[in-house]
Structure formats: structure tokens, C-alpha cells
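Me: I would like to go through this model with you, one question at a time, with the reasoning set out before each result.

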Amino acid sequence: MARRCDLTGKDVLTGNLVSHSNRKTRTRFLPNIKAFRLISDVLKQEFRFDLCVSTIRTIDAKGGFDNFLLHTANSKLTAAAQKIKKAILKAQATEATA
């Protein structure tokens, strides 16, 4: 499993651990990635993602998977998330005209 969030693209960071004596040791800061299944209310479809736990908290705060995608800028989403967002917008447009 790649250490990357499938929706936001949050990735591994590198940096230094600095001791009291100011010695620097290189380290990797890994995101907290977990496997989740999210259901789109508009598309009536289930999606499986490897997501960062902070992304899950954001999805809950925004009011669900569909609202998270619709209210997040495309520049902050991965290509897969942008495809799902486009499908949701298309489904909402056809639902509104029907």
C-alpha cells in the first residue's frame, strides 16, 4: 500500500529529529493511512479508498462524502477524486432537469 491519501494526496514528509544537544537525525513522518469504504448518496455507489484519518474527520465535518467533494477545490483533490466529483455534478444536473 502506498503511503498516500487517495482523495487529498497527503504524502510522506521528511525532516529532522532534533535532540537536546541539537543533533539532527533524518526521519520520515508517515501519514495515518487506513482503508475505508465511502458511499456516494447521489451516485448510489460504494467506493474503496486508502485515506488519511484527518481526511475522514474533514469528510464528517463537511457533512458526508458528496459534500466533501463538492466543496473542495479541484487543486486539493487527486485525479480519481476529481473524476468522482465530475460524475456527482453530472448526476445532480440530470436529476435537476428530470
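Me: Which residues of the largest nonpolar core touch the most other members?

Reply: The model is a predicted one, and the core is read from it on that understanding. The largest nonpolar core has 17 residues, and β3, β4, α1 (53–62), α2 and α3 each supply at least two residues of it. Within this core, the residues that touch the most other members are Leu7, Phe49, Leu51, Phe65 and Leu69.

Me: Which element gives the largest share of this core?

Reply: Several elements contribute, since β3, β4, α1, α2 and α3 are each represented by at least two residues. The largest share amounts to four residues, and the element that provides it is β4.

Me: How is the aromatic pair of Phe47 and Phe65 classed?

Reply: A pair of aromatic rings is described by the distance of the centres and the angle of the planes. For Phe47 and Phe65 the centres are 6.0 Å apart and the planes stand at 50°. An angle under 30 degrees would count as stacked and one over 60 as edge-to-face, and the pair of Phe47 and Phe65 is therefore classed as tilted.

Me: How many residues apart in sequence are the parts that this pair of Phe47 and Phe65 ties together?

Reply: Both Phe47 and Phe65 are buried. Phe47 belongs to strand β4 (residues 45–52), whereas Phe65 belongs to helix α2 (residues 65–70), so the pair links parts whose separation in sequence is 18 residues.

Me: What is the class of the pair formed by Phe49 and Phe65?

Reply: Phe49 and Phe65 are both buried. Phe49 lies in strand β4 and Phe65 in helix α2, so this pair ties together parts that are 16 residues apart in sequence. The ring centres are 5.8 Å apart and the planes are at 50°, so the pair of Phe49 and Phe65 is tilted.

Me: Which residues form one aromatic cluster?

Reply: The count of aromatic pairs comes to three, among them the tilted pair of Phe47 and Phe65. The residues that form one aromatic cluster are Phe47, Phe49 and Phe65.

Me: How wide an arc around the axis do the buried residues of α3 cover?

Reply: Helix α3 (residues 79–97) has 19 residues and reaches 27 Å from its first C-alpha to its last, close to the 27 Å expected. The buried residues of this helix are Ala81, Ile84, Lys85, Ile88 and Ala91. They are on the same side of α3, because the arc that they cover around the axis is only 125°.

Me: Which exposed residues does the face of α3 turned away from its buried side carry?

Reply: The buried residues of α3 are covered by elements including β3 (33–40), β4 and α2. The face turned away from that buried side carries the exposed residues Ala79, Lys83, Lys86, Lys90 and Thr97.

Methods
Residues numbered from 1 in each chain as written. Predicted model: local features only at pLDDT ≥ 70, side-chain atom pairs only at ≥ 80, totals over all residues. Heavy atoms only, no water. Phe/Tyr/Trp six-rings, centres within 6.5 Å; stacked < 30°, edge-to-face > 60°. Buried < 20%, exposed > 50% of the residue type's maximum accessible area, 1.4 Å probe, protein only. Expected span 1.5 Å × (residues − 1). Arc of directions from axis to C-beta. Contact = heavy atoms within 4.5 Å. Core = buried A, V, L, I, M, F, W, Y, C linked by side-chain atoms within 4.5 Å.
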